[in-house]
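Welcome, and please open your viewer. We will go from stop to stop, and at each one you will hear what to select and what is there.

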Amino acid sequence: MKIEIKNLKKRFNDNYVLKDISLTIEKNKSTIILGQSGCGKSVLIKTIYKLFKFDSGSILYDKKSEVDIDKFSMLFQYGALFDSLRISENIAFTDFINNKANFEKKVISLMKDVGLDKSIFNRYPSEISGGMKKRVALARALYKNPKVIFLDEPTTGLDPINSDKINDLILKVITKRNITAVTITHDIKSAIKTGDYYYFIDKGIIQDKGDCKKILKTKNKIFKSFITGADFKQ
């Protein structure tokens, strides 16, 4: 799915969080939204997802203003797993809450795709590691075969080794499934590794954009300062 955003504005009371956003999320590509906390990137994603209404501008989904949000899926920053549900029930949550049976085969297949052994099928989130929880959350996001997946700070809370593993996994699944991916992050390494295109937002406007492989060559002073502040090391 291709998503085109033009002159988007969003405010809360008198505070404009998104001041004039125009960008394109290309079909079957990985788009990275970079920026400091409070810059507006989370509000942008939630607006695209139709969780928020916008004040002016336009969002087109494959050239249409309306979209079936069941085509979207979200990997939340901290996984948002349900502690009282087993791993299998978390992954198949949409079917589980509707009392649909026979999701075992699909769950096991997804677990394999994200590098999880079926031995944890009946375990609870408290019984697995943080890296595994991220994989479970990714499997759940993929369960309904979305056209677009939103990833909210996918490497947050992980050590460098597990961060690299999650980045590799994200690349693998979005390529294999031809998914349009949109990631919000402050992790420069992750952006370079997993992204095709990037947009850098500061104070509600886009300050810089381009090819993720050329991030470090940016001439934008504000973005350069952000990269330095993110403690990026090659």
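Start by selecting Lys193, which counts as partly exposed because its relative accessibility is 31%. Three words will come back on this tour: buried means under 20% relative accessible area, exposed means over 50%, and partly exposed is in between, with a 1.4 Å probe and protein chains only as cover. You are looking at a predicted model, in which local features need pLDDT of at least 70 and side-chain atom pairs count only at pLDDT 80 or more, while totals for chains, interfaces and linings use all residues. Residues are numbered from 1 along each chain as its sequence is written, and side-chain values use heavy atoms, with hydrogens and water left out.

**Stop one: the partner of Lys193**

Which residue forms a salt bridge with Lys193? Add Asp168 to your selection: the closest N and O atoms of Lys193 and Asp168 are 2.8 Å apart. A salt bridge here is a side-chain nitrogen of Lys or Arg within 4 Å of a carboxyl oxygen of Asp or Glu. Side chains of opposite charge can pair when their charged atoms come close. Lys193 lies in helix α7 (residues 188–194) and Asp168 in helix α6, so the pair ties together parts that are 25 residues apart in sequence. Helices are DSSP runs of H or I with at least four residues, strands are runs of E with at least two, and both are numbered from the N terminus. Asp168 is partly exposed, with a relative accessible area of 39%.

**Stop two: a shared partner**

How many salt bridges does the structure hold? There are three. Select Asp113 and Lys176 to find another of them, with N to O at 3.0 Å. This pair links distant parts of the chain, 63 residues apart: Asp113 is in helix α4 (residues 104–113) and Lys176 is in helix α6. Now add Arg177, which also forms a salt bridge with Asp113, again with the closest N and O atoms 3.0 Å apart. Arg177 lies in helix α6 and Asp113 in helix α4, so this pair ties together parts that are 64 residues apart in sequence.

Buried or exposed: what is Asp113? Asp113 is buried, at 11% relative accessible area, whereas Lys176 is exposed at 54%. Arg177 is partly exposed, at 27%. Salt bridges that share partners join Asp113, Lys176 and Arg177 into one network.

**Stop three: inside helix α6**

Keep Asp113 on screen and select Leu169, which lies in helix α6. Leu169 is buried, with 6% relative accessible area. The C-alpha atoms of Leu169 and Asp113 are 8.6 Å apart, although 56 residues separate them along the chain.

**Stop four: a loop residue**

Go to Thr155, in the loop between β6 (148–152) and α6 (160–177). Thr155 counts as buried because its relative accessibility is 7%. Show Asp187 as well: a polar contact of 2.8 Å joins the side chains of Thr155 and Asp187. Such a contact is a pair of N or O atoms within 3.5 Å; within protein, one must be able to donate a hydrogen and the other to accept it, and residues adjacent in sequence count only if both atoms are side-chain atoms.

**Last stop: helix α1**

Finish with residues 41–48, helix α1, where six of the eight residues are buried. Among the buried ones are Val43, Leu44 and Ile45. Just after α1, pick Lys50, which takes a positive phi of about 70°.
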